Amino acid sequence: MIKVTPKKTAEELGKAHREISVSQFFEKNRHLLGFDNKRKALMTTIKEAVDNSLDACEEAGILPEISVEIVDMQNDRFRVIVEDNGPGIIKAQIPKVFAKLLYGSKFHKMRQSRGQQGIGISASVMYAQLTTGRPAKITSTVGKKHKAHFYELHIDTTHNKPEIIKDETVNWKKDHGTKIELDLEASYQAGNQSVDEYLKETAIVNPHLTLTYTNPKAEQIIFPCATKDLPREAKEIKPHPYGVELGMLIKMLKTTDARTLQSFLTSEFSRVGSGTAKTICQNGSILPKTKPKTMNREQSEQLMQGIKNTRLISPPTDCLSPITSALLEKGLKKEINAEFYVAVSRPTAVYRGNPFQIEVGMAYGGDQKGDSQARLIRFANRVPLLYQQGGCAFTKSVINTGWRKYGLSQSRGALPIGPLTVAIHIGSVWVPYTSESKEALAHYPDIIKEIKLALQEAGRQLGSYVNKKKRMHAETAKRDYIEKFIPHVSAALKELLSLKLVEEDKIKKNLKKILETNRGKLENLKFDPKKNVDYDPELAKIGKSVPPVENTNDIGFEEKDEKGQKKLSSYKNK
Amino acid sequence: MKKAKKSLAATKINEIAKLVYSTILKKKQPELSMPLRSLTNVQYDPKKGYFELLGKFKERTLTATTIKTFAQSLRLMNLSKELIEKDDIATKREAYYVSKNWADARFKEQVESDTVMDDIEAMLMVNREQIGFIPEEKGGDVAGKLVVVDKDPDTGKDIKIDCTKMGSGAYSVPSKVEDLKFETNAKFILAIETAGMFQRLVKHNYWKKANCILVSMGGVPTRACRRFIRRLSDDKKLPVYVFVDNDPYGIGNIYRTFKVGSGNAAHINEYFCVPRARFLGVTPQDVIDYKLPTHPLKEVDFKKIKDMLKNDPFIKHHKEWQKALKQMQQMKVRSEQQALAKWGLNFVIEKYLPEKIRNPKKFLP
């Protein structure tokens, strides 16, 4: 017999339904925000704080000076202190900025910035609160004439709103800036995917940043700024018609102040003048004088069709702030001692109406290992992406690019193999990440296509270098082989014709000359470790799990370096 | 005569060396040019009776693929020059070992040194004995109605070797046959592929019955063996009959090389083949006529037949041979000389050879 439990009524079930606050949702799904483990939690917390500081400084036109300090509190607890010289935050905003999820200034703006959603730093505060119960301590001042404010904050996760523990006015010897102090459960380990790596890469792609970093071992590293020029300011733009979806369009039509469809199009969108607006209306078979607020769903769809059938100029590029190929190449030179560098910037492109720009840098040969997969460094809006490389559109694009024609080997569905580092940067008003933790780029075909074009453009230059090197290598081997037999030719002739020693030497000399004339001059493409003056070996060491193997200079023909191997093992033993 | 020839080789070596040297002094790329030794570079003129070189050449110079053999050729030419000057000889194997002093330019295997040696021969258009090199191989065995006149190496006096008085053994052809003289009243020379068949014919004094000279070739005849039979048959105007297995190897390698020479040694074919030779057997038709036991032809055999029909200038010239080979192709079988033993051990002596020799005109060309 099956025991029948009495069924619940719809009314009873209805009582179980409740609203879920974002905070509660993310409290349960903290992995979505990059807090899946203790090590990553530390990196994510610092990343969110530093990203915010950088955004704030750039917006205010201040050369950023940021200090990051991690203090080991024992028992897997760490105190993180991040302080900047940004514009500061006005008193009223402080609690919401740091203790309310999805509260931010950047979500609605169409311009390139690191933060997007207004989740990051509040999530860190929430994580700290969940793991140690301690409140976040915020100090901020907006100018000399103002006093600094000090807050201790909790998040009320049930209602997603700040809970103020302490609210004081303090003396802070700083013109302007913000400081956040968090205690959280974490673990610190140097090497790949560490705080160290994140900070280093950040310093490299943000050459205007001065960063002071104190790690848990109380060692201080200073990354001085490489330029006093702030990156080009990213302008805010209106959406481009190509990226707007129907629902969004209907919403815009309802809320606009414009009286006619034509003025709606010109005022709410970028790259639409009155002529273009007329063409759109014509292509959609709607009168330009239609009142936007009266338009129904069918008309809106006609308008969409009209947009689709009209050729429009690409969105303006001043909303983006590219690293520039020169600085990207310089960054690679600082970090990697290679033989060949190349960097390219693509023109701006659009996905879903959002302008974006791809930049690619490559470093080939030199110190890098020739028998392992190429290293991929990913950046989005100047933020290094350290996790989830496998699920990232950057990675997919690199894999889908045919590297064999550039002289590298590549297995199907894998990164190319060779002494190569590829750095890719996407700058966009809205970077599509696969999740809120912003670790990987989503797979938009338009973006992948652009990345591939950039990779191909740089790849062609790489290929001509690699192939030239291979040719020179083969030619050198051939020449060495031929030269090996020159003494035999001269010795045989000497005996055959009873020549003198001087005459034998003449034969050798002439044969070498003949070889040179017939086969052309040999170009020396051997790796010169001292050629790259930008290389900073101390910097290169930061955030690496393995010390770099010493000087192995040729492609593919790398000899095993016993010293390097031994070093590796002793390093591990420590 | 002998000395004149030798100094001719030495002169040629000297000329070539001088040319290479003067080219180098002019800062031009030096080259050694030698005839291409292959079937593609020979033609068959039945009036002359042997494979003659066409004009194709290969070059050795300062390229990655030829520099090693270029240097080796010069070094080997030097060794040859020394040998000629000292009136000494070196076996092919010894020459190979001498090269072990040449460091990077040494030969790895004897085939390599043999090839370079053959190239020098071809380049100078002389045979290797003239440049001081001799082969290891034996020249072949002889029995029958022949007296060979040789010289005592110490005294220089004539020695007469009577090949009828070898008992159950045989006279062994020396590696240099140029100075031998012959006395004979035999009617023909019978050249035999296998030592076994030769033994049988010697044992039963077949040469006495048939009044002939028997020569055992032991597979593809050596240069000395070919030169020996050539000189003997030319001197005494004797017909030469060849008795080999009925298979593509017996016809295409043994008989063809014996009669007209090979592509590989085309430069010396003129002296080292026996154009008057005729093919006694075993023919594909014999297999039918004498109901001989057979073995099936293998894949390689069919390939060889096809290749001969297509590329061998000698076969291409003789319709009879094309017919015979096509017959073999159709029969899909081969037969050994010794298969005749099916009809009794002495069937070959009592029946087969007498029947055949009665009608030499029927022999294949």
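How much surface does chain B expose, and what share of it do carbon and sulfur atoms supply? Chain B exposes about 17000 Å². Carbon and sulfur atoms supply 51% of that area. Keep in mind that this is a predicted model.

Let's stay with chain B. It has 365 residues, and 54% of them count as buried. Its secondary structure comes to 13 helices and 17 strands. Now look at contacts between residues at least 6 apart in sequence. In chain B, 72% of these join residues at least 24 apart.

Next, chain A. Here we have 574 residues, with buried ones making up 50%. The secondary structure comes to 17 helices and 16 strands. The accessible surface of chain A is about 28500 Å². Of that surface, 50% belongs to carbon and sulfur atoms. What about contacts in sequence terms? Take the contacts in chain A with a separation of 6 or more: residues 24 or more positions apart account for 72% of them.

Now put the two chains together. How many residues of each chain are in contact with the other? On the chain B side there are 29, and they meet 24 residues of chain A. The two chains bury about 2400 Å² between them. Carbon and sulfur atoms carry 71% of that buried area. Which residues of chain B lose the most area to chain A? They are Tyr21(B), Ile24(B) and Leu62(B). Together these three make up 25% of what the chain B side buries.

Which elements of chain B give two or more residues to this side? They are α1, residues 2–25, and α2, residues 67–86. Helix α2(B) gives the most, with 10 residues.

What about charges and polar atoms? The count of salt bridges between chain B and chain A is 0. Polar contacts are another matter. The rule finds 7 residue pairs in polar contact across the interface, with both residues at pLDDT 80 or more.

Let me zoom in on two residues of chain A. Start with Asp55(A). It sits in helix α3, which covers residues 38–60. Is Asp55(A) buried or exposed? Its relative accessible area is 4%, and the cut-off for buried is under 20%, so Asp55(A) is buried. Which residues does Asp55(A) contact, leaving aside neighbours within four places in sequence? The list is Lys106(A), Ser113(A), Arg114(A) and Gly115(A).

The second is Glu197(A). Find it in helix α6, residues 195–205. Glu197(A) has a relative accessible area of 12%, so it is buried as well. Not counting residues up to four places away in sequence, Glu197(A) touches Gly191(A), Asn192(A), Arg375(A), Leu386(A) and Gly543(A). Now compare sequence and space. Glu197(A) and Lys541(A) are 344 residues apart in sequence. In space, C-alpha to C-alpha, they are 9.5 Å apart.

Last topic: cysteines. A disulfide is a covalent bond between the sulfur atoms of two cysteines. How many disulfides are there over all chains? The count comes to 0. Two cysteines of chain A are worth finding on the screen. Cys57(A) has 0% relative accessibility, so it counts as buried. Cys392(A) is also at 0% relative accessibility, and therefore counts as buried.

To recap the interface: about 2400 Å² is buried between chain B and chain A, with 0 salt bridges and 7 residue pairs in polar contact.

Technical notes:
Residues are numbered from 1 along each chain as its sequence is written. Chains are lettered from A and ligands numbered from 1 in the order in which they are written. This is a predicted model: local features need pLDDT of at least 70, side-chain atom pairs count only at pLDDT 80 or more; totals for chains, interfaces and linings use all residues. Side-chain values use heavy atoms; hydrogens and water are left out. A disulfide is a pair of cysteine sulfur atoms within 2.5 Å. Buried means under 20% relative accessible area, exposed over 50%, partly exposed in between (1.4 Å probe, protein chains only). Helices (H or I, at least four residues) and strands (E, at least two) are DSSP runs, numbered from the N terminus. Contact means heavy atoms within 4.5 Å. Accessible areas come from the Shrake-Rupley method with a 1.4 Å probe; for residues, only the protein chains shown count as cover. Buried area is the accessible area (1.4 Å probe) that two parts lose on being put together, summed over both. A salt bridge is a side-chain nitrogen of Lys or Arg within 4 Å of a carboxyl oxygen of Asp or Glu. A polar contact is a pair of N or O atoms within 3.5 Å; within protein, one must be able to donate a hydrogen and the other to accept it, and residues adjacent in sequence count only if both atoms are side-chain atoms.
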